[in-house]
Each structure stands twice: as C-alpha cells, then as structure tokens.
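Consider the structure below, beginning with a local detail of the backbone and moving on to the contact between the chains.

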Amino acid sequence: MIFATSRSAFARASAIRASAFAPRFASTLTIIEHADGAILPSTFKTLTAASQIGGPVTALVAGSTAPAVATEVAKIPGIEKVLVASNGAYDKGLAENFSDLIASTVKDGGFSHVLVSSSAFGKNVLPRVGATLDVQPISDIIKVAGEDTFVRPIYAGNVIATIKSTDPVKLVTVRSSAFEAAPAPSSGSAAVENVANDPNTPSPTEWISEAIAKSERPDLGSASKVVSGGRGLANKENFDKVIFPFADAIGAAVGASRAAVDSGFADNSLQVGQTGKVVAPELYIAVGISGAIQHLAGMKDSKTIVAINKDPEAPIFQVADYGLVEDLFKAVPDLTEQLKK
Amino acid sequence: MSLRIVVPVKRVIDAAVKPRIKNGAIDMTGVKTSINPFCDIALEEAVRLREGSKGLVANIHAVSVGPEKAQDVLRQALAKGADNSTLINTGKEELEPLAIAKLLKSVVDKDGANLVLLGKQAIDDDSNQTGQILAGLLKWPQATNASKIVIEGDKVTVTREIDGGEETIAAKLPLVITADLRLNEPRYATLPNIMKAKKKPLTKIALKDAGVDTKPRLQTVSVEYPPTREAGSILGSTQELVEKLKAASLV
C-alpha cells in the first residue's frame, strides 16, 4: 500500500515535471534591421536561421518608417506575423529603449526565441535583453542544430562549439555569412499588427551624429567578391592606387587587415577579421596580408581564396586555393590590366 | 564629478596561440596566457583619464572573475596603473557572461562606482556580451565599441565603431563603456611599476562567498576543430591566375 502510494506520488511528480519541462512549441521573433526604408541584407540571412528553428516566425519592425517597411516584410514568404512599433525613438537603434521593446514584446507574445543579426546593432542590443529577461544570450551562431542547440565559432574561429541552451527564451545573434538569404518580398501575406505594448522607455543616451564611409562599391558584408589589402601596401597612397582599381576591375568590395586599418591605410569599417567584419564571399583576394589568425577568422569560409604575397612562408598560403608569390606592386597592376573589361 | 572606475580584466589564451582540444575541452595546460587585449585597452583608457585631467579619477579598481592564476593579470593591471584589485576566484569553473555580469554588478554596487570600462569582447569565447548585460543589470546607459571617449563634467561623449563607419552618442554618468581596438595603444608595465604593484591591494573572494547565482544556462555539447581547407596551389604567373579565375567563372 505504502509502495503503491509512493508510486502514484512519483507518477504524479513526474507528470508535473514533464509538463513543466515539456518543450513548448517554438515561436521565433526576428528583429528586422532596416535603413532608408530598405530591409538590410543581413536580416534576410537571419530570417533563414529563424525558419530553421521550426516554429512560426514573427518579425518586429521598429522606427518612424516601420509601417512602410512592415508592408514589405509582410510579403516575405514564411513570415506569419509582423509586429510594428511605429516610433521615431527607435530610429537610431539605441540599446536602452530598443532592448526594453524587445523584452516586452517577448513577454507579451510568449516567444521562445529571439533572433537578430550579429551586426553592430544586434550585438549591442540583444545582450541587454538578456539582462532584463535573466537569460544567457548566444552570440554569432553559424548553424541551427535544433530548437535549443546552436553551433558557434570561438577562439577566433579556431574552435567550433555546439551549445545547448536551458533558458526558457533563447536570445540568439546570427552570423550573416553562414546562412543563405531568405526569399525576397513576393507572395507572402503576413498579418501586420502594432506591438501590444510599446514601453517607449526614454533613452538615457543621446544620439549625436554618424559618419558612414560612402562608397560606390559593393557592401563588404554581402559582396560576392572581396579584395583586401594588408600591411604589404606600406601606405595609404599605395592602398588607394593598387587595391581600389583592382577591386573595381572585378566588381569587388574592398576589405583590409587590422594592420592596414591601424596604420591608417584604410577606413575602420573595412576591417575583416575576428574584431571586424566576417565575410564569406565567392572570391576573396588577400593582397599583402600575412594571414594572422585574427584575420583568418574573418575570411576563411570564403569559397575561393587567392593570396598575393612576396613571402612564401606567409600563413595565408596555408588557406589559399591559389597563391602567387610575387611583389604585389607588380602583380596587382598586372592583374588589373588583364581583368579590365 | 570624480570618477570611480571599475575595469574588469580577463585572463585568456594569448592571441597568437592556436588553441588545442583535448578530451572534449580546450587544453589549458602549459599554454601561454595574457590579459585579454580589449581589457588591456579598457584599462589603458582608465589610466589615461587619470593622467589627462588632474583629480578626475578617484579610483581604478581592476576586477577579474576567473581561476586563481588570474591574479597574474590583476598584478599586471596594478602595474599599469590600477589602484586596487579583486579576484573572484571561480576555480576550474568557466562562467558565462550573464553570471560574470552579475558578479561585476555586486562589485560596482559595493564600490559606488560610476564608470565601468570593459573590453568589447574576450578573444576566447568571442561573446561580446558582458558589458551590455552589466549595463542592463545596473540599468545604466551603455556605449559599446568605443573608439573615443570625452568626459566633460558628468557628460560623456563616446564615438562608437558601427557597421559602415562610426557614430557619436552622449550620456550622463554612471555609464558602461566597452573598448574597441582603436581606442588607444596600451602601455607596457615598467619594472619599477611591476615592483610597486606587488604592494597594491589584491582582494580574493571565493565564488561561493560572492552571493550571486552563477548557475550555467548553457551546456557545451561539443568542441571541435573547424573543417580544414584543402591545400591549394602556388601559381607561376598572373596570367595563370587569371586563367584559373576565368575557368571557375569567378571573374
């Protein structure tokens, strides 16, 4: 009898435990990044990661142009609902009020996942949401391995870690170069609604100004070809004279190693590497770059890598598909001539 | 307003060292370790704030959450100009950014600090989270990826590295700032300063006495090396390279 009672108590307890820990259905909130009324390319990559989680995908669009952007987002196949926070306070993507908007939207909508690109914006905002929701975020995933399991590079990409989250909400930033883009806006017909509650937290930080490097060339983060220059260029004049015409000859974006950026040859925003941009173009041409592990972290998933360096011992040759051991000041203008259309 | 600064510093595998995996974990035995480069920059900035304006900085407190051996990086921080230091000794346990931020918050609260300067990310876990989580827990404004910091009274103006360029924001103290590479060039500790640092305070707190819930939220299922790339070929001429690229329809 005692045995029977204890058994049924055990059964009851395990039933309770099972329901408390039963995985509820995944439901993913994706933060839409947009500028000048257009959805950013990285957001389409993040939407692909969101679709791989398996549950319905809701998009959150915030800012003064949010209603217009939401109309476009609603046409992206695979999105079930678009939530709109039409409020100019979110225009600059400041972390303090944006994180409160995300946290309150998660609470109101019962979302199990929040995905945002691991852009400067995503990295700035999402960890702060973690503080509010008491959740340990997961940075820069390169693969969705399950509803709660993700793959991400650590140690500058020298180690790949698979991690499982035990948090009720998964806050995830997504590495753009690791995912294909979701379909462009077309046949989708997601419902568009205002967010249930816009906390409209006053931001303690004031946005003063920005300086964006203007360029006619393809965007570094999403270009299919990248030409990068390093310390071997020796100065800014050479960088401009050698790298830019070459990139233009093949329609490539321009990148740079940290050494080139630190020495003032190229703008900070062009830095490829662990602490700069991570790119994975079809073609990556490294010119005068030795290939330090911090640089390799930013480009070694490129489909084809070409290295031009006069030092045959440079580590870049260990990852290059094609190598040229030559003086870049001779080889690159030569290539530029041959490839000019 | 005088600044009471907390600078968290992390001990990591040296930036030039490739990590090895042993028995499903990163092998730390006999591996060269250093102060995380971004933490070094954060610390340098704190010291420069003191040097740049007399009486501005009241205290610089270097804090490390890590193993017993992390006191090495605290001694370095003291040699570079921190006034005092605290090691929250985690033994062999590797804490996550959320737990570390909670521990740091307890230090900030106790210090009555009004500025926390951190590195933007640690080069081992590459999370880029701790500063933002800490700011969120403290409910302070945050300025991440800082490449320039200007302090006038209680107003702090920070230039931030963002995708495509930079932006400038301003906030009042208290504030959390995370340092980007371009913020400054850290100094080397001189021998006399290393000697002096041995006399500066280093307080040790056992993790269990810190009074913070640091239960892990993530489980590491596996760590492995990334797929290696096939060895390529060294070509003889630019013509040959052009042919290869054209054959592959890359140009």
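**Backbone details and the chain interface**

Tyr155(A) sits in the loop that joins β9 (149-154) to β10 of chain A. The model is a predicted one. The phi angle of Tyr155(A) is near 50°, a positive value in a residue that is not glycine. In general, most residues other than glycine have a negative phi, and most peptide bonds are trans. Chain B offers a departure from the second of these tendencies: the peptide bond from Leu173(B) to Pro174(B) is cis, its omega being near 0°. Pro174(B) belongs to the loop between β11 and β12 (175-179) of chain B.

The strand that follows the loop of Tyr155(A) leads to the other chain. Strand β10 of chain A, residues 159-165, pairs with β14(B) in the antiparallel sense, over 6 bridges. Within this pairing, Ile160(A) has Glu224(B) of β14(B) as its bridge partner.

How many residues of each chain take part in the contact between chain B and chain A? On the side of chain B there are 74, and they are in contact with 79 residues of chain A. The size of an interface is often given as the accessible area lost when the parts come together. Here the two chains bury about 6500 Å² between them, with 54% of that area on carbon and sulfur atoms. In chain B, the residues that lose the most area to chain A are Arg217(B), Arg229(B) and Leu250(B), which together make up 11% of what that side buries.

Two of these residues, Arg217(B) and Arg229(B), also appear among the charged pairs. Side chains of opposite charge can pair when their charged atoms come close. Arg217(B) forms a salt bridge with Asp167(A), and the closest N and O atoms are 2.8 Å apart. Arg229(B) forms a salt bridge with Asp321(A), where the closest N and O atoms are 2.9 Å apart. This second pair runs from the loop between β17 (304-308) and β18 (322-324) of chain A, which holds Asp321(A), to the loop between β14 and β15 of chain B, which holds Arg229(B). Across the interface of chain B and chain A there are 5 salt bridges, while the structure holds 30 over all chains.

Polar contacts between chain B and chain A number 49 residue pairs, with both residues at pLDDT 80 or more. Several elements of chain B give two or more residues to the side that touches chain A, among them α3 (97-111), β10 (155-162), β14 (218-224) and α6 (238-247). The most comes from β11(B), with 8 residues. By class, this side of chain B has 34 nonpolar, 20 polar and 20 charged residues.

Both chains carry an annotation from UniProt. In an unreviewed entry, "domain: Electron transfer flavoprotein alpha/beta-subunit N-terminal" covers residues 23-214 of chain B. That span of chain B is 30% helix and 33% strand, and its end C-alpha atoms lie 25 Å apart. For chain A, UniProt places "domain: Electron transfer flavoprotein alpha/beta-subunit N-terminal" at residues 28-217, again in an unreviewed entry. Residues 28-217 of chain A are 26% helix and 34% strand, with 34 Å between the end C-alpha atoms.

Terms used:
Residues numbered from 1 in each chain as written. Chains lettered and ligands numbered in written order. Predicted model: local features only at pLDDT ≥ 70, side-chain atom pairs only at ≥ 80, totals over all residues. Heavy atoms only, no water. Contact = heavy atoms within 4.5 Å. Buried area = accessible area lost by both parts, 1.4 Å probe. Salt bridge = Lys/Arg side-chain N within 4 Å of Asp/Glu carboxyl O. Polar contact = N/O pair within 3.5 Å; in protein donor to acceptor, adjacent residues only side chain to side chain. Helix = DSSP H or I, 4+ residues; strand = E, 2+ residues; numbered from the N terminus. Nonpolar A, V, L, I, M, F, W, Y, C, P; charged D, E, K, R; others polar. Pairing = 2+ DSSP bridges. UniProt positions renumbered as here; feature names shortened; annotations may be inferred.
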